[in-house]
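This report describes the fold of a single protein chain and the surroundings of its ligand. The sequence and the structure are shown first.

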Amino acid sequence: MSRTPVVVLISGTGSNLAALLASARDPQCPYAVVAVIADREASGLEHARAAQIPTEVVRLRDHADREAWDRALAAAVTRHRPELVVLAGFMKLVGPPLLSAFGGRIINTHPALLPAFPGAHGVRDALAHGVKVTGASVIEVDPGVDTGRILAQVAVDVLEGDTEQTLHERIKAAEQPLLVEVVRRLTSPRPVGPQAAGSR
Ligand code: GRF
């Protein structure tokens, strides 16, 4: 079976990446993670190195300006010829070069129930607002900040005494299987030909 190539972008500990890699160990998994790219020396890169998956760090500070970094990031992703790009805790907005190369084929996971609490502090903002239920959303990436089409969501209760950290840990536990399920769905081969059209 040929697997759908996926590139994962991270900035942090990479627990969502680890979940994607664990699922990819299943022989029936429809996708393969072909590269992991970070914008910094993220600790999560270790998950990829342990699985002998190519890694790359494309740092903003190594580039003349944001546009040059955007182009370098798009070039790094394109070299691995992915059919799907997954932002799994990637803490930068992606620019026009990546969006135009992979429009509609970039997804992001966010630790809140969008459209509530977009941006870099979704967990903190939900807690500060006093919501009783928050969660995680997997969305299509568009030029806005967490404004893309919602692909899947999971709810997580806010508990008495929760801190940003305890709540985020519970959100991540729910977020990981959600992301894996969406990536599997988007990379599964679709039936083609007369059967797909329902003809007998
Ligand atoms: C996730 O909760 C993601 O939604 C948010 O940052 C966290 C990344 O966690 N943007 P990890 O690096 O996958 O552990």
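Which atom of Gly 14 is 2.8 Å from an oxygen atom of the ligand? In this predicted model, the partner of that ligand oxygen is a polar backbone atom of Gly 14. Side-chain atoms of Ser 15 and Asn 16 also lie opposite oxygen atoms of the ligand, as the table sets out.

| Residue | Atom of the residue | Distance to a ligand oxygen atom |
|---|---|---|
| Gly 14 | polar backbone atom | 2.8 Å |
| Ser 15 | N or O atom in the side chain | 2.6 Å |
| Asn 16 | polar side-chain atom | 2.9 Å |

On its own the ligand has 370 Å² of accessible area, of which the protein covers 91%. The ligand takes up the space of the largest pocket. Two or more residues of the surrounding shell are given by each of helix H1 (15-24), strand S5 (106-110) and helix H6 (164-187). Helix H6 supplies the largest share, with three residues.

There are 13 residues around the ligand, and those that come nearest are Thr 13, Gly 14, Ser 15, His 168 and Glu 175. By character, the shell comprises nine polar, two charged and two nonpolar residues.

The chain as a whole contains seven strands and six helices. Read from the N terminus, their order is β-α-β-α-β-α-β-α-β-α-β-β-α. The chain has a radius of gyration of 17 Å, close to the 16 Å given by the globule rule for 200 residues, so it is as compact as a globular protein of that length. The C-alpha trace spans about 55 × 55 × 35 Å along its principal axes.

Technical notes. Residues numbered from 1 in each chain as written. Predicted model: local features only at pLDDT ≥ 70, side-chain atom pairs only at ≥ 80, totals over all residues. Heavy atoms only, no water. Near = heavy atom within 4 Å. Polar contact = N/O pair within 3.5 Å; in protein donor to acceptor, adjacent residues only side chain to side chain. Areas by Shrake-Rupley, 256 points an atom, 1.4 Å probe, with all protein chains shown as cover. 1 Å grid on protein atoms, 1.4 Å probe; cavity = no way out; pocket = protein on both sides within 12 Å on 5 of 7 lines; lining within 4 Å. Sits in = over half its atoms within 2 Å of the grid points. Helix = DSSP H or I, 4+ residues; strand = E, 2+ residues; numbered from the N terminus. Nonpolar A, V, L, I, M, F, W, Y, C, P; charged D, E, K, R; others polar. Rg over C-alpha atoms; globule rule 2.2 N^0.38 Å.
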